[in-house]
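Hi,

Here is the structure I promised to pass on. My notes on it follow below.

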Amino acid sequence: MRHLMSPLDFSVEELEQLMNLANDIERNPKKYAHACDGKILATLFYEPSTRTRLSFESAMIRLGGKCLGFASADNSSAAKGESVSDTIRIVSCYADICAMRHPKEGAPLVASLVSGIPVINAGDGGHQHPTQTLTDLLTIHSMKGRLNNLTIGLCGDLKFGRTVHSLISALVRYEGIRFVLISPDELRVPDYIRNDVLKANHVEFEEVTKLEDALPNLDLLYMTRVQKERFFNEEDYVRMKDFYILDKSKMDLAKPDMLVLHPLPRVNEISVEVDNDPRAAYFKQAQYGVYARMALILTLLGIEVQ
Ligand code: NCD
């Protein structure tokens, strides 16, 4: 049985297969409409979510399967004090596969150790968010035609943003990737990403504060929200929340084919006037999230569609 905790759980070759499968699902949705008939996905969300939970449910329903679960810890037995390990043992009797989001780093991993069904990490605290990374890789691969030779700007909350940590970890395995890490000093990437991921893999990167200086050289800009829920005090959040606002005038500095991605939800960091720019890819990215999760569910359940 296979779980997904980190994007590194899949080799580069396996990721390639997964993206090919996702692209085939996009082209031929009918072919897959009954692939998961009789299967059940459990979504165990101990933290708020719109895209991740609903796109998992949409993915399973589009494959012919059904879903059950809870959307907040308050609605589950966690509120009575039940442990994640006990909950997953029970859910293993009710479902065939599960997606879990939890505010504590490592909670889905703990669940996977006792689970009778595949567990997918749907975001654990400020740590990892591997299915967002599958979504991001699929979006970049489909829209740019490659995952190598790219200069990628990551902007915003690089400290607490788990999507950023997972995306960097996944992309260092491709040739010719250069990162420009754009953040206020207080929100720079954690040391383990800088040392154990970037430096250990000899990946070229620079850390800067000004978005304007970085923009002209980027092939891709990945914007992120300042992660309010992970701040220790409101004052720091308020000081940092509007540090970056991507607007039309900043977009004028960028290459004509630079893609703008954002895992969403957006707060103020991308002005709505950018939404109509052909380079704004964040809504399309959410659509790719469904195909990526459909491909992932099929892969973890070992279902092949001829
Ligand atoms: C992200 C997350 O939950 O980490 N959202 C998502 O899953 N698309 C990003 C965020 O909340 O800022």
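A quick definition before the ligand: I call a pair of N or O atoms within 3.5 Å a polar contact; within protein, one must be able to donate a hydrogen and the other to accept it, and residues adjacent in sequence count only if both atoms are side-chain atoms. By that cut-off, a side-chain N or O atom of Q132 sits 3.2 Å from a nitrogen atom of the ligand. The side chain of R225 has an N or O atom 2.8 Å from a ligand oxygen, and P263 uses a backbone N or O atom, 2.9 Å from a ligand nitrogen. On its own the ligand has 320 Å² of accessible area, and the protein covers 94% of that (Shrake-Rupley, 1.4 Å probe).

Keep in mind that this is a predicted model: local features need pLDDT of at least 70, side-chain atom pairs count only at pLDDT 80 or more, and totals for chains, interfaces and linings use all residues. Numbering starts from 1 along each chain as its sequence is written, and side-chain values use heavy atoms, with hydrogens and water left out.

The residues around the ligand (a heavy atom within 4 Å) include T52, R101, H129, R162 and L264.

On to the cysteines: there are zero disulfides (cysteine sulfur pairs within 2.5 Å). Why is C36 without a bond? Because its closest cysteine sulfur, in C67, is 9.9 Å away, which is too far. C98 is in no disulfide either, with the sulfur of C67 the nearest at 12 Å. C98 is also buried, at 0% relative accessible area (buried means under 20%, 1.4 Å probe, protein chains only).

Cheers

Technical notes. Buried < 20%, exposed > 50% of the residue type's maximum accessible area, 1.4 Å probe, protein only.
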